[in-house]
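Let us go through this structure step by step, beginning with its aromatic rings and then turning to the helices that carry and surround them.

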Amino acid sequence: MIPLTKKSRQAIKKAILILTLIGGFYLHNGFSQEKKSRIDYSIKSNILNPDTLKGDQKVIFWHFVKLTHEQAEEMKPLEIKAEFAKLGILTTDKSRFQEAFLFFRSDNTAHKKSCEQWEFFKDLSP
């Protein structure tokens, strides 16, 4: 067996480090929430039917359709206010804003959670 020189040992260490980093990157991407959350939130749940929504509810539902229920729950009120402003729902019309906010926080978030639970248990159906 040929003894390794200092340069060859360093090259081997660098190669192992690079392979470890690349492997970690692929593991991270393979197990990330984004990859796992291929849930179709546009389906009907026991909370709401997206096809029957009208007005602000329809606009809000489709604007936030890609968020998970956890992301929707974690949104801060000022973030929601800014997103609503993009949709034309302003705080100057208090009753409209309050209805939109309540829909987002309650029905929309509950619908997302229901869809996620159904996705989790769908393999158990007969």
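Rings of Phe, Tyr and Trp, the last taken by its six-membered ring, form a pair if their centres lie within 6.5 Å. In this predicted model, Phe64, Phe84, Phe97, Phe101 and Phe104 form one aromatic cluster, and the structure holds 6 aromatic pairs.

One of these pairs is formed by Phe64 and Phe104, whose ring centres are 4.6 Å apart and whose planes make an angle of 50 degrees, an arrangement that counts as tilted. Because Phe64 lies in the loop between α3 and α4 (69-74) while Phe104 belongs to helix α6, the pair ties together parts of the chain that are 40 residues apart in sequence. Phe64 is buried, with a relative accessible area of 3%, and Phe104 is likewise counted as buried, at 0% relative accessibility. The rings of Phe97 and Phe101 are arranged in another way: their centres are 6.3 Å apart and their planes stand at 20 degrees, so this pair is stacked. Both residues lie in helix α6, where a separation of 4 residues amounts to about one turn of the helix. With the limit for burial set at under 20% relative accessible area, Phe97 counts as buried at 15%, whereas Phe101, at 22%, counts as partly exposed.

The setting of this cluster is a chain with 6 helices and 0 strands, which follows the pattern α-α-α-α-α-α when read along the sequence. Of its 126 residues, 24% count as buried. Among the contacts between residues at least 6 apart in sequence, 69% join residues that are at least 24 apart.

Two packed helices are described by the angle between their axes and the distance between the axes. For helix α3 (residues 55-63) and helix α6 (residues 94-121), the angle is about 50 degrees and the axes are 10 Å apart, which makes α3 oblique to α6. The crossing of these two helices is right-handed. On the α3 side, the contact is made by Asp56, Gln57, Ile60 and Phe61, and on the α6 side by Arg96, Ala100, Phe103, Phe104, Asn108 and His111. By class, this contact of α3 with α6 has 5 nonpolar, 3 polar and 2 charged residues. Phe104 thus appears both in the contact of α6 with α3 and in the aromatic cluster.

Helix α3 also packs against helix α5 (residues 77-87), at an angle of about 115 degrees and with the axes 11 Å apart. The crossing of α3 and α5 is again right-handed. Val59, Ile60 and His63 of α3 make this contact with Glu83, Phe84 and Leu87 of α5, and by class it has 4 nonpolar, 1 polar and 1 charged residues. Ile60 takes part in the contact with α5 as well as in the contact with α6, and Phe84, on the α5 side, is a member of the aromatic cluster.

A last residue to follow is Arg105, which is placed in helix α6 and is partly exposed, with a relative accessible area of 27%. Which residues does Arg105 contact, leaving aside its neighbours within four places in sequence? They are Ala72, Glu73, Met75, Lys76, Pro77 and Ile80. Of these, Glu73 is 32 residues from Arg105 in sequence, yet the two are 7.0 Å apart in space, C-alpha to C-alpha.

Notes
Residues are numbered from 1 along each chain as its sequence is written. This is a predicted model: local features need pLDDT of at least 70, side-chain atom pairs count only at pLDDT 80 or more; totals for chains, interfaces and linings use all residues. Side-chain values use heavy atoms; hydrogens and water are left out. Axes are lines fitted to C-alpha atoms, for helices over the stretch in contact, and angles run from 0 to 180 degrees between N-to-C directions. Angles under 35 degrees count as roughly parallel, over 145 as roughly antiparallel, 65 to 115 as roughly perpendicular and the rest as oblique. A crossing is left-handed if the near helix is turned anticlockwise from the far one by less than a right angle, and right-handed if clockwise. Contact means heavy atoms within 4.5 Å. Ala, Val, Leu, Ile, Met, Phe, Trp, Tyr, Cys and Pro count as nonpolar, Asp, Glu, Lys and Arg as charged, and the others, Gly among them, as polar. Rings of Phe, Tyr and Trp (its six-membered ring) pair if their centres lie within 6.5 Å; planes under 30 degrees apart count as stacked, over 60 as edge-to-face and the rest as tilted. Buried means under 20% relative accessible area, exposed over 50%, partly exposed in between (1.4 Å probe, protein chains only).
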